[in-house]
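Here are a few exercises to work through with the model open beside you. Try each task before reading its solution.

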Amino acid sequence: MAGDDARGGSLRLNLRSRKVCVIGAGMAALAAARELRCEGHAVTVMEQRGDVGGQWLYDPRTDAGDRLGAAPPPVKVHSSMYASVRLISPRELMGFSDFQFLPTRHGGGDPRRFPVHGEVYRYLKDFCDTFGLMDFVKLNTRVVRVAMAPPRPPDEEKEGGDELRWVVRSVKIRESEDGITDDKVIAEEEEEVFDAVVVANGHYSQPRLPSINGMEQWKRRQLHSHSYRVPDPFRGEVVVLVGCGDSGLDIALDLCGVAREVHLTSNSSMASATSTTPAMAKMLANHAGHLHLHPRIDRLCHDGHVAFTNGSIVVADTVIYCTGYDYSFPFLDTGGLLTVDDNRVGPLFEHVFPPAMAPSLSFVGVPKKVIVPWFFQAQARVEEMVRAVEEYHHGRENAGVHKKYSHDIGGVDPSEAYEFVAKYTDLPAMDDWKRELISSVLRNINEDREAFLDRDDDSENVRQGVERWLAMSAAEEEDAAANATSAGVDDSTSCLNSAL
Ligand SMILES: Cc1cc2nc3c(=O)[nH]c(=O)nc-3n(C[C@H](O)[C@H](O)[C@H](O)COP(=O)(O)OP(=O)(O)OC[C@H]3O[C@@H](n4cnc5c(N)ncnc54)[C@H](O)[C@@H]3O)c2cc1C
């Protein structure tokens with residue numbers, strides 16, 4: 001997708017300009033849209049909601065008619081954000097390489113390192129405004145089908161005439177008010193042919209459900225974390241949370257003090273307060289009497305009994321499945337060339353290109369546990385396709401990584417993400433103080449899940465890095481503001497203005 005480097009002072013226009021459809025207007029799609037604009041392509045972003053931001057556009061509605069998310073995709077409500085979400089990745093790292101995620105200097109907002117979700121939404125809105133992206137975004141526009149266009153007749157062939165193109169079918173919608181009734185279609189379906197499609201529809205919406213004995217017979221409330229927003233509806237209840245990932249832990253803390261008892265269940269058959277991580281042990285100690293840890297659930301009984309594999313039993317009012325999400329592309333018809341198998345989307349070269357359909361079809365935002373949007377920005381610049389996807393997956397499987405974690409490429413060891421960015425893009429390498437910061441955040445999160453968000457223990461190197469970052473970014477912001485006032489920001493200069 002990349003040509004020359006805009007940061008070298010010229011627009012990357014060496015490729016033939018294409019008509020590209022980007023599906024979604026979340027972080028990944030916005031990263032792609034801007035890079036494509038910088039390369040001189042004609043971009044249309046189609047977003048089903050009434051605003052940009054994706055997950056970070058908080059939606060108080062839930063999938064109230066299907067709280068488990070068991071119906072065939074897509075879900076009715078896209079965002080899975082709950083009201084209390086704070087970033088768990090430091091804001092110093094959560095920015096585009098050339099548009100830093102600074103605290104606002106004109107007051108308002110949440111200036112903390114780990115701000116509330118609304119602050120990320122504000123940042124993404126600013127990003128769109130600064131780079132004039134809203135001119136290319138069609139809101140309230142849901143893509144309902146993407147399929148290969150029939151080949152052009154030979155007499156119509158011109159440059160690139162035999163290349164794969166895509167028919168994108170979309171509808172204009174008005175979102176339902178309750179998350180139960182269907183969204184209202186407010187205009188006829190439209191079809192348009194594009195030279196390329198970038199799929200960036202997100203993957204934190206379609207609930208992934210476990211298979212637990214008795215789930216179907218359970219008569220009391222059960223929901224997936226996708227449909228959790230606030231703790232109040234669970235006041236005084238005994239709540240069992242299935243899964244101890246980020247959502248499970250966050251929701252457990254949210255419920256402590258509101259619910260009568262909160263029971264976390266791990267995926268292990270042996271969980272106990274003594275056999276767990278320091279962060280979990282601390283959480284259990286901090287909320288002793290309210291918060292309990294159990295091993296895997298053995299069965300759910302219709303009368304409210306929840307039996308665990310160690311023989312213990314709890315009588316619960318509600319079960320919340322914090323068991324993650326499935327990749328889902330319900331609109332995409334590739335004739336079987338691309339599949340999703342146990343959460344592996346494939347084949348996808350470097351998690352971006354399906355080899356048989358590249359480069360006209362690509363995916364931005366598939367990887368998890370990466371530093372975003374920096375990494376999405378790099379994905380949107382990838383231009384090489386040099387080695388087989390299978391080789392990559394085999395290597396991971398040989399190293400003991402389960403298929404369903406195929407796209408988890410950061411987390412404990414972010415080096416794979418660093419290598420990807422260095423190998424395929426011209427983005428500046430991650431500063432050493434930022435690398436140190438991410439390592440210390442990963443360490444802190446494992447030590448104390450509750451306190452890490454407000455910890456103030458940066459090393460001297462990180463402290464100085466943050467000071468330089470604030471100073472440098474503030475100066476850039478002032479320059480950009482001065483340029484915008486004197487010249488107006490149009491879409492061609494916006495790529496040049498972004499030069500570091
Ligand atoms: C509770 C929660 C907390 C999180 N916390 C963090 C965190 O602290 N740090 C972090 O880095 N990440 C966090 N994440 C992950 C975060 O969502 C991703 O980092 C990032 O926002 C994903 O961006 P995206 O653009 O890929 O997807 P999304 O943000 O989901 O955007 C996808 C967009 O596509 C649109 N769309 C989907 N289907 C269609 C269609 N058919 N037609 C048109 N438009 C469509 C959607 O409406 C949406 O706007 C969290 C996620 C959740 C759910």
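The expected span of a helix is 1.5 Å times one less than its number of residues. Keep in mind that this model is predicted.

**Exercise 1.** Compare the span of helix 1 with the expected one.

*Solution.* Start with the count: helix 1 (27-38) has 12 residues. At 1.5 Å a residue, a span of 16 Å is expected. From the first C-alpha to the last, helix 1 reaches 17 Å, close to that value. Just after helix 1 comes glycine 40, with a positive phi of about 90°.

**Exercise 2.** Decide whether helix 1 is enclosed or not.

*Solution.* The cut-off for a buried residue is 20 or more other C-beta atoms within 10 Å of its own. In helix 1, 12 of the 12 residues are buried, so the helix is largely enclosed by the rest of the structure. Among them are the charged side chains of Arg34, Glu35 and Arg37.

**Exercise 3.** Describe the shell around the ligand.

*Solution.* First, count: 31 residues surround the ligand, and the closest are Gly24, Gly26, Gly54, Gly202 and Gly365. Next, sort by class: 16 are nonpolar, 12 polar and three charged. Finally, look at the elements: helix 1 and strand 4 (141-148) each supply at least two residues, and the largest share, three residues, comes from helix 1.

**Exercise 4.** Place glutamate 163 and classify its exposure.

*Solution.* Glutamate 163 sits in the loop between strand 4 and strand 5 (166-174). It counts as partly exposed because it has 14 C-beta neighbours inside 10 Å. Proline 151 is 12 residues away in sequence and 8.1 Å away in space, C-alpha to C-alpha.

Technical notes:
Residues numbered from 1 in each chain as written. Predicted model: local features only at pLDDT ≥ 70, side-chain atom pairs only at ≥ 80, totals over all residues. Near = placed C-beta within 6 Å. Helix = DSSP H or I, 4+ residues; strand = E, 2+ residues; numbered from the N terminus.
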